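Below are some notes on the model, set out as numbered points for a colleague who will want the cut-offs stated beside the claims.

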Amino acid sequence: MTEALVFSMGKYQAPIPVDRLYAPNHVWLKPDGDTYRVGFTAYSVRLLNDVYFLEWDIEPGTSVRERQEIGQIESSKAVASLYAPADGVIVEFNQSLLDDPTPINTSGYDAGWLYRLKTEAELLTPQQYVRMLEDRWEDTQRMLKGQINEP
Amino acid sequence: MSGKLNVVIAQHQGKNPGKRQLEEDIAAALIMEPGLSVSIVPHLYDLTETHTGTLHLRSVSGDLLVLAWLYPRAARWTLDRLGVRGKPGRTRIGAGAAEQNDTSGDDPHRGTPEKPTDARPVPDRFVFCVDLRDVEGAQQVVEEVRRLRDELSTPVVPLTTWIQGSPRPDQMRRFLNGDGTATPPAKPDAPRNGKRNGNSAPAGPAPLVIDDPTPRRWYPVIDYDRCTNCMECIDFCLFGVYGVDDQARIMVEQQDNCKKGCPACSRVCPENAIIFPGHKSPAIAGAEGEVAGLKIDLSRLFGAPSALEIAVQERDRELIADGREAVGMTKGIPKRQANAAARPRDELDDLMDGLDALDL
């Protein structure tokens, strides 16, 4: 397999594998039959830290719109709502994560996959995703700082 | 201050039997306690300016403990709006209580005197607010009330010492008025429609119950400890809810112009000083600490619309419902977004440092 790209978050080097596609809300999408397996990128996982709670608001088979709220996550450092990366249908959730979300941290690009999504949407290449991370890194830090004030 | 503690139970809006039961259990337990005055009013947030419950709350002098189905911060500023004020007191009920007691430099009197936004004098008494959702049972309230009562009560001064010494004015007044003795105090200013419970327990007076109906209301409540008078709310709200008082201080002037369910101004407030006590989001409903809290909210990273985007959508929806045109991002948009980088070191810096320190 070709070597992963890398995005530097301070001292941490977030690997961005080139065998899959990406969405701007920091998930990877790896083709799997006529669907994509979707999971958090190393960038997301790095910001989240240890995940200990994951919950989905919708049932498998639900059609979703891009940026529709679909679930919640809580980690040692953060809480977040989760949003669909693109228009499509979420056909299956990774059930094992609901009992133990540890694989999100230990195997984020593999066993830590979140759900399978069927979508026709145009996605980002690894190069485009890394470019986006680079372009937005300053803004992202500022946004994260700013959001501490916002409800 | 007098050793008598006034306890007011503000009822839940709904008729949930479990909640009613808790209110009744607490009232029943507290009337057995000496040194208390117990009353029951409808839900604080729904009280109008002239409601008998409001008049009753205003008539209460001395330390006040309010038990309500609201975050303590929401209850405190709703009371403030009703003209019921005092130094904010801390109780030991609620998840945040332990943290609150030892948060560094978080003086319970913080913001009350010097804040330019809020130069009003604060009455020399404590107002404690407890969220009934944090209460595990009546006994917990009884114990906390005992603790507060003991903590607040002036030590008993024997008459002989009084004759030899010089009593403070409040001691003298209390002595002359015979207040604080075993006799339940008269209530000359009891609300017009207030009524007493039928069976008074032998141990003490029955609680005063004010149960005039209160239609549900929806309006913002300003936390003047946080408000910096930046006027972004008045710029953003296009329904004329906000105004300024004669000190040029922001105020909720036309609360009934507010659109039910719309918390948009709260989202644009840079200090999270605008509370909608009935909103489902704890940060908007006045929860302490959830926003500046221990955990960072990464929702926006994963695609959540920004608070401003949501606020603009909410405002447009209400404009259209009023037969007006949506204005989107063209009116009253906060100018502060650009300078967020200038903020002092905060949790994110700590988080990022913490991440770097970790050996992942």
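**Notes on the predicted model**

1. Strand 5 (residues 35-40) of chain A pairs with strand 11 (residues 115-118) of chain A in the antiparallel sense, over three bridges, and within this pairing A:R37 stands opposite A:R116. Strands are DSSP runs of E of at least two residues and helices are runs of H or I of at least four, numbered from the N terminus, while two strands pair if DSSP finds at least two bridges between them.

2. Strand 11 of chain A also runs antiparallel to strand 10 (residues 88-93) of chain A, to which four bridges join it, and here A:R116 is the bridge partner of A:E92.

3. An open sheet of four strands follows the order 6(A)-8(A)-9(A)-12(B), with mixed pairing. Strand 6 (51-56) of chain A and strand 12 (296-297) of chain B stand at its edges with a single partner strand each, so one side of each is left without a neighbour in the sheet.

4. In helix 1 (residues 17-30) of chain B, the buried residues (under 20% relative accessible area, 1.4 Å probe, protein chains only) are B:R20, B:L22, B:E23, B:I26, B:A27 and B:L30. They cover an arc of only 160 degrees around the axis, which puts them on the same side of the helix, the arc being that of the directions from the helix axis to the C-beta atoms.

5. This is a predicted model, in which local features need pLDDT of at least 70 and side-chain atom pairs count only at pLDDT 80 or more, whereas totals for chains, interfaces and linings use all residues. Residues are numbered from 1 along each chain as its sequence is written, chains are lettered from A and ligands numbered from 1 in the order in which they are written, and side-chain values use heavy atoms, with hydrogens and water left out.

Terms used. Buried means under 20% relative accessible area, exposed over 50%, partly exposed in between (1.4 Å probe, protein chains only).
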